[in-house]
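This report concerns a ligand site and the elements around it. The sequence and structure are shown first.

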Amino acid sequence: MKAICYISNFAKDLNRKTIDELITYVNKNNKIQNITGLLIIKNKHFFQILEGDTKKVDALYKRIKRDIRHTGLITLLNTKIEGRIFNDYNSGNFEIFQKFEDMKKLYLYFNWINNANYLPADKLIRLTTNFLKHNQ
Ligand SMILES: Cc1cc2nc3c(=O)[nH]c(=O)nc-3n(C[C@H](O)[C@H](O)[C@H](O)COP(=O)(O)O)c2cc1C
């Protein structure tokens, strides 16, 4: 099992419709592939955490890196994990956070995994929190 976390920027011509289509696709495909994590879309940036079977996550990340809907991708974390962090969150479904209410849910979840003392939860929380702070 592994976890990957990255940030990237919207491609120039990205519009509401394209984003909605992407969200629908991501939700559906990750469910099929049993990939968990989250995708935060804010201020024309993407922030994504993917976790799951190593081969599946690597193959997916290869496709994501080639995707022309975003640019300037920077990998923040690419590491083996012993178990899922997002397993218990929303039944392991892929989560898209766009509304303030969703952010609150995310922080509650962070509190919970922080107490579970699981690494690299710490690191993922720090990365995610920093991203949100800089994109309010
Ligand atoms: C920001 C961003 C995040 C994405 N996240 C996922 C994802 O989590 N799961 C997924 O299957 N595709 C995701 N995609 C779509 C993939 O890049 C790719 O289009 C899709 O897997 C189909 O690949 P293929 O056309 O090579 O078969 C994402 C695309 C972007 C731009």
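The sections below treat the model, the ligand shell, a helix and a hairpin.

## Model and conventions

The structure is a predicted model, in which local features need pLDDT of at least 70, side-chain atom pairs count only at pLDDT 80 or more, and totals for chains, interfaces and linings use all residues. Residues are numbered from 1 along each chain as its sequence is written.

## Ligand shell

The ligand is surrounded by 14 residues, each with its C-beta atom, placed from the backbone, within 6 Å of the ligand. The closest are Asn29, Phe46, Arg63, Asp67 and Arg69. Two or more residues come from each of α1 (16–33), β3 (45–52) and α2 (54–66); helices (H or I, at least four residues) and strands (E, at least two) are DSSP runs, numbered from the N terminus. Helix α1 supplies the largest share, 4 residues.

## Helix α1

The 18 residues of α1 should span 26 Å at 1.5 Å a residue, and the end C-alpha atoms are 26 Å apart, which agrees; the expected span is 1.5 Å times one less than the number of residues. Asn34, which follows α1, has a positive phi near 60°.

Ile23 lies in α1. The C-alpha atoms of Ile23 and Leu39 are 8.8 Å apart, with a sequence separation of 16 residues.

## Hairpin of β2 and β3

Strand β2 (residues 36–42) pairs with β3 in the antiparallel sense over 7 bridges; pairing requires at least two DSSP bridges between the strands. Ile40 stands opposite Phe47 in β3. The hairpin has 2 residues between its strands, and Asn43 takes a positive phi near 45° there.
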